[in-house]
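Biologist: Hey, could you walk me through this structure? I'm new to this, so plain words please.

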Amino acid sequence: MKSIQYIKIGLLAVVLTIQQGCNEDVLIQEPDHVISESLVINSVEKLQDLLNGSYSEISDGSYLGRTLYKRAAVKGTDFRFVKTTFNPRDYEQTEYRYEESSNNNGSAESMWLQCFKAIGNLNLILDNIETAEGNDNERQQIKAQALALRGMIYFDLTRTFSYPWIREGASAQGMPLNLSSTETITERSSLGETYEQIIVDLNAALNEIEDNTWEQGSTKYMTKSGIHALLARVYLYKQDWENALTYCKQVLSVKTEADLMDISTYIFDDYTTESLFELSITTDNSVGSNGLGAQFDLRDGGQGDVIATQTFVDLLQAYEGDPRADLLLEDKEGTNAAFVKYINRSGGSGLSIHNIPILRLSEIYLIAAEACANGATGGDTQALVYLNTLIAKRTTDFDTYKATETGEALKARIAEERRRELALEGHAVYDYIRTGKNINRPEFDHINTGVNVNNLNIEATSAKTIYPIPASEIEASQMQQTKGY
């Protein structure tokens with residue numbers, strides 16, 4: 001595989017600077033001061049540095065630092081590019097317009113390579129951590145985090161490049177599972193095998209990880225509760241409702257209703273009370289105007305090319321006193337449709353120096369509600385308890401807006417609440433396709449944005465809801481392309 005070969009070459013020339021990440025330049029160049037691979041893999045301390053670098057790779061703009069979150073947003077119903085007269089930059093417009101093909105795949109190639117670069121680093125850690133010299137407790141925690149991160153990356157690759165579980169179940173095409181730094185796998189596993197490996201990695205991480213400390217800043221690393229939360233999400237996508245609920249309960253045994261942000265505290269600062277796992281973004285690893293926050297905020301040099309649709313603005317304003325509606329600010333078109341969730345910690349905005357939430361407590365309440373509504377223990381009654389616990393924190397008039405629905409109407413209400421609460425956090429299009437719901441985008445929301453009206457309404461089973469395997473990968477490794485491309 002091209003990506004694995006790229007990683008292997010890069011690692012031979014890696015410079016490990018304590019507490020600094022491995023950016024692309026470091027991975028591919030031949031610097032003056034080179035630490036040999038043998039020294040890296042024989043030292044727990046150096047493997048810790050490589051783990052720190054892996055966190056940095058994950059936060060790159062080609063993966064969680066922009067592409068996955070922005071792609072999810074613009075392929076759903078609630079966000080659009082500004083009108084063409086405002087000259088929006090073309091990042092992820094292929095995705096927004098549903099114009100993917102085998103040879104025109106938007107950001108698919110860069111995300112694919114970035115994910116496998118990080119997997120290569122993690123495999124090198126896992127292959128050598130047991131024999132490396134150093135502190136045994138540090139060794140155990142490095143191993144646990146590497147396993148959890150590998151499981152997370154494979155999950156993100158799977159939900160982005162493979163059809164969802166609801167479409168064909170375990171027999172569908174999955175991912176090539178590269179689990180060693182010395183072996184290259186180009187054959188795609190089944191979706192069932194891929195999910196099984198993701199769950200194996202996450203459970204193995206649980207067996208090694210120490211208990212949460214909940215110290216300020218501790219959730220910039222994978223923690224026990226973060227792994228529980230990720231397992232809940234994985235089982236949700238797999239439609240294993242009981243296991244999804246089980247892992248939600250694990251999180252809720254240590255994080256409670258009191259930890260939810262409320263009307264007065266709904267601000268996405270670093271390490272809120274809801275944080276279960278978030279990526280630390282500093283001036284060292286921010287990609288500035290190409291980063292996540294700058295895509296939605298035009299102030300102080302931000303691009304601000306993606307704004308909320310009127311449909312979503314109306315949804316945000318449905319509850320009285322909803323703090324999420326307060327995130328709407330002036331946009332490039334002169335309306336108040338810029339949904340600014342991410343703001344520079346320095347007080348400024350637009351340059352993406354902000355942490356990126358990966359797993360939050362609000363999501364756990366919503367997963368628990370959805371699991372119960374689909375038949376997990378407690379049924380609709382318990383689903384309403386979980387859902388209303390969150391709604392009570394998002395309105396000044398709970399009695400008017402509390403959920404009372406049952407059956408399919410309750411499932412629709414939960415999906416609606418996910419749209420409000422988890423906007424711009426990497427869920428939108430995935431929530432439609434994993435539940436088999438078609439993506440219907442009203443024409444009035446997308447006038448003069450460059451999207452073909454024939455591509456506004458997309459079936460959940462359409463190939464264009466997922467990325468094709470990049471053509472460069474197919475050419476290099478003869479990997480099987482996804483059906484439909």
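Modeller: Let's go from the overall build to the hollow spaces and one helix.

Modeller: This is a predicted model, where local features need pLDDT of at least 70, side-chain atom pairs count only at pLDDT 80 or more, and totals for chains, interfaces and linings use all residues. Residues are numbered from 1 along each chain as its sequence is written, and side-chain values use heavy atoms, with hydrogens and water left out.

Biologist: Cool. How many helices and strands does the protein have?

Modeller: There are 19 helices and eight strands. Those are DSSP runs numbered from the N terminus: H or I with at least four residues for helices, E with at least two for strands.

Biologist: And how much of the protein is buried?

Modeller: 60% of the 485 residues count as buried, meaning under 20% relative accessible area with a 1.4 Å probe, protein chains only.

Biologist: Any cavities in there?

Modeller: Searching the whole structure turns up five cavities of 30 Å³ or more. On a 1 Å grid over the protein atoms alone, a cavity is a set of points where a 1.4 Å probe fits but cannot get out; a pocket is an open set with protein on both sides within 12 Å along at least five of seven lines; lining residues have an atom within 4 Å of a point. Volume is the space filled by probe spheres set on the points, which are joined across faces, edges and corners.

Biologist: What's the volume of the largest cavity?

Modeller: About 100 Å³. Its lining includes Phe 268, Tyr 342 and His 354, and β6 gives the largest share, three residues.

Biologist: Switching to pockets: what about the second largest one?

Modeller: That pocket has a volume of about 550 Å³. It is lined by 27 residues, and Lys 411, Ala 415, Asp 431, Thr 435 and Lys 437 lie nearest its centre.

Biologist: Which element gives the most to that lining?

Modeller: α17, with eight residues. Two elements give two or more residues there: α17 (407-421) and α18 (428-434).

Biologist: So what does α17 look like?

Modeller: α17 has 15 residues and spans 21 Å from first C-alpha to last, close to the 21 Å expected at 1.5 Å a residue; the expected span is 1.5 Å times one less than the number of residues.

Biologist: Which residues of α17 are buried?

Modeller: Leu 410, Arg 413, Ile 414, Glu 417, Arg 418, Arg 420 and Glu 421. Looking down the axis of α17, its buried residues fall within an arc of 160°, so they line one face of the helix. That arc is taken from the directions from the helix axis to the C-beta atoms.

How values were computed. Buried < 20%, exposed > 50% of the residue type's maximum accessible area, 1.4 Å probe, protein only.
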